[in-house]
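User: I would like a close look at one part of this predicted model, followed by an account of how the charged, aromatic and sulfur-bearing side chains are arranged elsewhere.

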Amino acid sequence: MSEHFFPRDEYFMRLALREAERALEHHDVPVGAVIIKEGEVIGTGHNERELRNDPTAHAETLALREASQALGTWRVLEAVMYVTLEPCTMCAGAIVLSRIPRVVFAASDPKAGAAGSVLDLLNVPELNHRPQCQGGLLAQEAGDMLRAFFAGRR
């Protein structure tokens, strides 16, 4: 684990990995997200695009919806999102709009990642919010789960 991560980061990323496993139950891409505030889980989500027939049902958007409901506001301040795959453009946009101050992701996404791989939407100076973003935590575990999923579909 890199020194730029906090001691509890691995624990929370493992919760996100467990959430990703839930997506496999309905044949969705195994991506999971959890949102933590003051050491407590306030939102969880896993991909449900296939389950809901909804292109916006990504792990991050579902976790943001749950966290917003828990907080009673669309501003998800003083929280951290842990997600097993680098956010896409839609999810990165939702993260910026929700004002989450910190995002930690596991595996990079060289085809659709918007937190540094293809785009860096979380670090656009012209936007009104730029969360701190760190990637690579438990990337091997998350990547292995994704590779196994896609290998089974080929």
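Which side chain of opposite charge is nearest to Lys37, how far away is it, and is Lys37 buried or exposed?

Analyst: The nearest side chain of opposite charge to Lys37 is that of Glu78, 4.4 Å away, and Lys37 itself is buried. Since a salt bridge requires a side-chain nitrogen of Lys or Arg within 4 Å of a carboxyl oxygen of Asp or Glu, the 4.4 Å separation leaves Lys37 without a salt bridge despite its burial. As this is a predicted model, that distance is a computed value and should be read as such.

The surroundings of Lys37 can be described further. Lys37 belongs to strand β1, which covers residues 32-37. When its neighbours within four places in sequence are left aside, the residues in contact with Lys37 are Ile42, Leu71, Leu77, Glu78 and Ala79, so that Glu78 appears both as the nearest opposite charge and as a contact under the 4.5 Å limit for heavy atoms.

One of those contacts, Leu71, leads to helix α3, which runs over residues 59-71. This helix has 13 residues and reaches 18 Å from its first C-alpha to its last, close to the 18 Å expected at 1.5 Å a residue. Its buried residues are Ala59, Glu60, Thr61, Leu62, Ala63, Leu64, Ala67 and Ser68, and these pack against strand β1, as well as against β2 (40-46), α2 (49-52), β3 (80-85) and α4 (89-98). After α3 comes Gly72, whose phi is positive, near 75 degrees.

Although Lys37 has no salt bridge, a search of the whole structure finds six. In general, side chains of opposite charge can pair when their charged atoms come close. One of the salt bridges joins the side chains of Asp9 and Arg102, with 2.7 Å between N and O. This pair links distant parts of the chain, given that Asp9 lies in helix α1 (residues 9-24) and Arg102 in strand β4 (residues 102-107), 93 residues apart. Both Asp9 and Arg102 are buried.

Another salt bridge, at 3.2 Å from N to O, is formed by the side chains of Glu19 and Arg22. These two residues are separated by about one helical turn, because they stand three residues apart in helix α1. Glu19 has a relative accessibility of 8% and counts as buried, whereas Arg22, with a relative accessible area of 41%, is partly exposed. A pairing of a buried with a partly exposed residue is also found for Glu48 and Arg52: their closest N and O atoms are 2.6 Å apart, Glu48 counts as buried at 13% relative accessibility, and Arg52 counts as partly exposed at 44%. Beyond these pairs, Glu10, Arg14 and Glu141 are linked in a network of salt bridges.

The aromatic side chains can be taken next, beginning in helix α1. The whole structure contains three aromatic pairs. One of them, between Tyr11 and Phe12, is edge-to-face, with 5.2 Å centre to centre and 70 degrees between the planes. Tyr11 counts as partly exposed at 43% relative accessibility, while Phe12 is buried, with a relative accessible area of 5%. Phe12 also pairs with Tyr82, and because their ring centres are 5.5 Å apart and their planes at 35 degrees, that pair is tilted. The link is again between distant parts of the chain, since Phe12 is in helix α1 and Tyr82 in strand β3, 70 residues apart. Like Phe12, Tyr82 is buried, and the residues Tyr11, Phe12 and Tyr82 form one aromatic cluster.

The cysteines remain to be considered. A disulfide is a covalent bond between the sulfur atoms of two cysteines, yet a search of the whole structure finds zero disulfides. The cut-off is a pair of sulfur atoms within 2.5 Å. For Cys91, the closest cysteine sulfur is that of Cys88, and at 3.7 Å the two are too far apart for a bond. Cys91 is buried, with a relative accessible area of 0%. For Cys133, the closest cysteine sulfur belongs to Cys91, and the distance of 13 Å is likewise too far for a bond. Cys133 counts as partly exposed, at 29% relative accessibility.

To return to the residue in question, Lys37 is a buried residue of strand β1, in contact with residues including Leu71 and Glu78, and it has no salt bridge in this predicted model.

Conventions: Residues numbered from 1 in each chain as written. Predicted model: local features only at pLDDT ≥ 70, side-chain atom pairs only at ≥ 80, totals over all residues. Heavy atoms only, no water. Helix = DSSP H or I, 4+ residues; strand = E, 2+ residues; numbered from the N terminus. Buried < 20%, exposed > 50% of the residue type's maximum accessible area, 1.4 Å probe, protein only. Lys, Arg positive; Asp, Glu negative; His and termini not counted. Expected span 1.5 Å × (residues − 1). Phe/Tyr/Trp six-rings, centres within 6.5 Å; stacked < 30°, edge-to-face > 60°.
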